[in-house]
Structure formats: C-alpha cells, structure tokens
Amino acid sequence: MPAVFPPWDRVYAFFRRWRDRGLVREFHDRVRGQVRERTGHDALPTAGVIDSQSVKADAVVGAGTRGFDGGKLVNGRKRHVVVDALGLLLGVMVTAANVGDRAAAHILLEQVAAAHPRLALVWADGGYTGSLIEHGLAAFALVLAIVKRSDNMKGFVVLPKRWIGERLFAHLMRSRRLARDFERRIASAEAMIYWSMAALMTRRLARPRRGRG
C-alpha cells in the first residue's frame, strides 16, 4: 500500500463493500464510456473480441474454484474477457482453469449482450467454434467471427483483431496483484480486474489532449 493510504484493512473494507454492491464495475463502466467518447467513439460499443487467459493461483485459492488447464499446463484460474475494438473491457468472468472457453462463453456473452445492447459482432479464436456460433446468433443476435491462424504460419504472428484481447492480458500481467490469482473469492478476482482497468483508463483520461499542429 502507498504510504499516503490508510491502513490496508480499512482500504480493503471499502473495496469489499464496493465489490458487493457492484460499484467497482459501475465505476469502471463510467470511465470506459468517457474514454470512448474522448477518442471519438460512441459510448456504447458495437463490436468486441472474446478471449481467455489461464493464470496460476495462489495457495489461498481453494480447490473448489481452481483447476488444471491441460493446454497451457496451468494450475489455477481462467479469465474470460470480452473487450471492445479499442481493447477496453466490456465483461469478465473468472472460472477454474479447467473450464472450457466455449462453456464459459455461453454465460459471458449473455451477460455482455445484456449490458451492451448495441453489440453485434464479436471476434474470437478457433477455440470458440461449434454450436456457440449458432447459439450467439439465435440467443443474443451476436455474429461470432472466427479468426483462425493459418497452418502455413510459423513463429509469432500478429493476427487481426485477436491481438486486441492479448493486449488487455498484457496490461493485467504488469500488475503485481494480477500476475497470478490471489483472491479467495471469484467475485474479488473479477472486481480486481475491473479495478485495474479503471485505474488504467483514469490515467489515460488524465493525460492532456494533444493540440493540432
């Protein structure tokens, strides 16, 4: 904790209260709307990107909310996110790492579609194929566009649209609190992500606008 802050338990009491009342996400969403408008976009997005990230869990994370991701060889939790075309967070759901992307996407896309009624297009990687595409269109009027990696590609290649979600994960991993999952409760893990992104956007808003030369 910075020296200018009150004792950690008092600060955490405010965080816990705001988490339980949904205020952390509300603060985040208000700042996101301001950032979008400042960059010349409508506050309500029409397109997004869905992706997931598996992270190691600390010892305080119980067996009931952690799992093993066989693909990434990670024992911990998985962060499922939807971001807009600017890379700003629209929704997040934290699960055990062994939960599949498509299973989580059924729930996350429903939440995001309800919160963002103008959202019409979501880009995704090959892990989101199958019945999810038809389900998204029928249930939420969302077009799920799959951006696949070509079999001819070798080494690291930046794929269209998918890099936007990866950039958000890179921002999260720069935070010592989010480099792994330290939260006992799923709700706290999700709130910490909203809080981190709200802080990032607040710093962005605080920068002076560049004048035209």
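Ser196 touches Leu172, Ser175 and Leu178, leaving aside residues up to four places away in sequence. Ser196 belongs to helix H6. Its relative accessible area is 19%, so Ser196 counts as buried, the cut-off being under 20%. The model is a predicted one.

**H1 and its partners**

Helix H6 covers residues 186–206, and helix H1 covers residues 8–20. Their axes come within 10 Å and cross at roughly 100°. H1 is therefore roughly perpendicular to H6. On the H1 side, the contact uses Tyr12, Phe15, Trp18 and Arg19. On the H6 side, it uses Ala187, Ser188, Ala191, Met192 and Trp195. By class, this H1–H6 contact holds 7 nonpolar, 1 polar and 1 charged residues.

H1 also packs against helix H2, residues 23–38. Here the angle is about 80°, and the axes lie 5 Å apart. That makes H1 roughly perpendicular to H2. Phe15, Trp18 and Arg19 of H1 meet Leu23, Val24 and Phe27 of H2. The H1–H2 contact has 5 nonpolar residues, no polar ones and 1 charged residue.

**Two helices by length**

How do the end-to-end distances of H2 and H3 fit their residue counts? The table sets them out.

| Helix | Residues in helix | Expected span | End C-alpha distance |
|---|---|---|---|
| H2 | 16 residues | 22 Å | 23 Å |
| H3 | 15 residues | 21 Å | 20 Å |

At 1.5 Å a residue, the span of H2 agrees with expectation. The span of H3 agrees too.

**Inside H2**

Which residues of H2 are buried? They are Val24, His28, Val31, Arg32, Gly33, Val35 and Arg36. An α-helix has 3.6 residues a turn, so residues three or four places apart point the same way. The cover over the buried residues of H2 includes H1, S3, S4 and H6. Just after H2 comes Gly40, with a positive phi of about 90°.

**Inside H3**

Helix H3 runs over residues 101–115. A kink of about 25° is centred on Ile107. The buried residues of H3 are Asp101, Ala104, Ala105, Leu108, Leu109, Val112 and Ala113. Several elements help to cover them, including strand S1 (47–56), strand S3 (74–84) and strand S4 (89–96). Strand S5 (121–124) and helix H4 (131–140) are also among the covering elements.

**Lys56 on strand S1**

Lys56 sits in strand S1. Which residues does Lys56 touch, not counting those up to four places away in sequence? They are Val74, Asn75, Gly76, Arg180 and Asp181. Lys56 and His116 are 60 residues apart along the chain, and their C-alpha atoms are separated by 30 Å.

**Two positive phi values**

Most residues other than glycine have a negative phi. Leu73 has a positive phi, near 55°. Leu73 lies in the loop between strand S2 (67–69) and S3. Is Leu73 buried or exposed? With a relative accessible area of 62%, Leu73 is exposed, since the cut-off for exposed is over 50%.

Ala141 has a positive phi as well, near 55°. Its place is the loop between H4 and strand S6 (143–146).

Terms used
Residues are numbered from 1 along each chain as its sequence is written. This is a predicted model: local features need pLDDT of at least 70, side-chain atom pairs count only at pLDDT 80 or more; totals for chains, interfaces and linings use all residues. Side-chain values use heavy atoms; hydrogens and water are left out. Helices (H or I, at least four residues) and strands (E, at least two) are DSSP runs, numbered from the N terminus. The expected span of a helix is 1.5 Å times one less than its number of residues. The bend at a residue is the angle between axes fitted to the seven residues ending there and the seven starting there. Buried means under 20% relative accessible area, exposed over 50%, partly exposed in between (1.4 Å probe, protein chains only). Contact means heavy atoms within 4.5 Å. Axes are lines fitted to C-alpha atoms, for helices over the stretch in contact, and angles run from 0 to 180 degrees between N-to-C directions. Angles under 35 degrees count as roughly parallel, over 145 as roughly antiparallel, 65 to 115 as roughly perpendicular and the rest as oblique. Ala, Val, Leu, Ile, Met, Phe, Trp, Tyr, Cys and Pro count as nonpolar, Asp, Glu, Lys and Arg as charged, and the others, Gly among them, as polar.
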